[in-house]
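Reader: I'd like to zoom in on one part of this model, the place where the two chains meet. Could you walk me through it in one go, and spell out your cut-offs as you use them?

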Number of protein chains: 2
Amino acid sequence: MSPRPMARPGGRSARVQESVHAAVRELVAEVGRDALTVPMVATRAGVTPSTIYRRWGDLRELLSDVAVERLRPETDPADLGSLRADLDAWAEQFLDEMSSPPGRAYIRDTLLGDPDGTNAGQCSAYAAEQIDIVLARAVRRGEPVPETELLIDRVVAPIMYRILFRPGRLDAAYARELVTNALHAQQIEAGARPAQAAAPRRSKKEPDN
Amino acid sequence: MSPRPMARPGGRSARVQESVHAAVRELVAEVGRDALTVPMVATRAGVTPSTIYRRWGDLRELLSDVAVERLRPETDPADLGSLRADLDAWAEQFLDEMSSPPGRAYIRDTLLGDPDGTNAGQCSAYAAEQIDIVLARAVRRGEPVPETELLIDRVVAPIMYRILFRPGRLDAAYARELVTNALHAQQIEAGARPAQAAAPRRSKKEPDN
DNA sequence: CGCCTTGAAGCAACAAAATCGCATTAAGGT
DNA sequence: ACCTTAATGCGATTTTGTTGCTTCAAGGCG
């Protein structure tokens, strides 16, 4: 993890960390990420540059820490009454947030200053948690559910891949298509014998309760 | 793009570029990427640091250029006689190369110094080209083939996502599993209603003269 | 073939950053 | 309250990044 193991979590260390993070957020808003420098952040945070260099190593790692915090979901996915509706809504929102300019910037920053992959792993864990919440609800309703891994591979991965590597088509319809395919695959794997055919294309999110 | 538009491709500019790239490759091998500095590269390449700063901006963009070159596939995928075999083999090799420490480093470097996504797009295009070659062969054999996009979403994206965001399981079996699922999906989409599972439906090129 | 234009490279002075040793402070435990 | 020790502050030093100006060479033209 980038904030080096904090042996003394409480007190001053915590204050400095928060102060520095806040300074980064403020300055990114004010002067833009490209104009940021370590000395600038240090001055705003009221610490000396060497403190930042020692704790974070360089600006990229600091930005990675701040970015991954911003990627933390703030609320649980909405409960719309069915797995399909919940996943559609979640995937749409996920794609929307991640593909927006600030979203892309956070993703990039997270990956950029993250030598050991800790922050990237955290970012992936956030998505998995959200999916797990949706799946747990579906299980409670008695719906058959796919594996979290399947949804990561089929929904999250394609979205992130396109954001990072391929310019172009990234809209709500694409998100729904991915969800459709993922659920379709799961139905097949769950029971190939039931005579259900292709995806029953219900339009938008409308709970069928 | 990082090497700024070269108005004078031939002659000195080209020599300098090649010399600098070579210096980067040598030094990465000798002292490691983390120890690299622009002045060091400049000295080795026999140019002044300001030349590098002016042409590439900073070390990251230079590394991105070098990295994307290394990600260019050197040979066409092997022809093993069937779409399934070709894709299995290609996916295994792709996963293998990309998930190796140097592979991961190249991917990271590519994304790192790539403000406009040009190099990342190139990287994605390489994979698409390789897949297209495999698909074209399958079409020639009369096999039904999935869309390139489907394979990108189902095979390439999950691999890259896991490499970048999720530590853990990345082996040949996983690659094959992804291919299996992708082909499975394609068969369903191809003929869900007619009883013929894998009827040789000729698609794109290949005039029937 | 030699001159002219022009973009790129060299050079050097300068500004900004990162690094490092050492002194000082404050958590947390006893 | 005291002691230990990680973390911060401070300042000197090194390294890196920037800039204006000069010099060089590729390509076009008479």
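Reader: Before the close look, what pattern does chain A follow, read along the sequence? Then, how many residues does the contact take from chain B and from chain A?

Author: Sure, ground rules up front. This is a predicted model, so local features need pLDDT of at least 70 and side-chain atom pairs count only at pLDDT 80 or more, while totals for chains, interfaces and linings use all residues. Residues are numbered from 1 along each chain as its sequence is written, and chains are lettered from A and ligands numbered from 1 in the order in which they are written.

Read along the sequence, chain A goes α-α-α-α-α-α-α-α-α. That's nine helices and zero strands, where helices (H or I, at least four residues) and strands (E, at least two) are DSSP runs numbered from the N terminus. Chain A has 209 residues, and 35% of them count as buried; buried takes 20 or more other C-beta atoms within 10 Å of a residue's own, exposed takes 12 or fewer, partly exposed is in between, and the C-beta atoms are placed from the backbone.

Now the meeting place. The contact takes 20 residues from chain B and 21 residues from chain A, with two residues in contact if their C-beta atoms, placed from the backbone, lie within 7 Å. On the side of chain B that touches chain A, the elements giving two or more residues are helix 6 (101–112), helix 7 (118–141), helix 8 (148–165) and helix 9 (172–190) of chain B. Helix 8 of chain B supplies the largest share, eight residues. By class, that side of chain B has 14 nonpolar, four polar and two charged residues. Here Ala, Val, Leu, Ile, Met, Phe, Trp, Tyr, Cys and Pro count as nonpolar, Asp, Glu, Lys and Arg as charged, and the others, Gly among them, as polar.

How do the copies relate? Chain B lands on chain A after a rotation of 179° with 0.1 Å of shift along its axis, at RMSD 0.2 Å, which is the relation of a two-fold axis. The fit is by least squares on the C-alpha atoms of residues with pLDDT of at least 70 in both copies. Ala157(B) is the residue of chain B that comes closest to that rotation axis, at 2.7 Å (C-alpha). And 95% of the interface residues of chain B are also interface residues in chain A, so the copies meet through the same surface.

One of the interface helices also has a partner inside its own chain. Helix 4 (residues 59–70) of chain B packs with helix 6 of chain B at about 130°, axes 7 Å apart, which makes the two oblique. Axes are lines fitted to C-alpha atoms, for helices over the stretch in contact, and angles run from 0 to 180 degrees between N-to-C directions; under 35 is roughly parallel, over 145 roughly antiparallel, 65 to 115 roughly perpendicular, and the rest oblique. Residues in this contact include Leu63(B) and Ala67(B) of helix 4 and Tyr106(B) and Leu112(B) of helix 6 of chain B. Its classes come to five nonpolar, two polar and three charged residues.

Last stop: Arg169(B), in the loop between helix 8 and helix 9 of chain B. Arg169(B) counts as exposed because there are 9 C-beta neighbours inside 10 Å.
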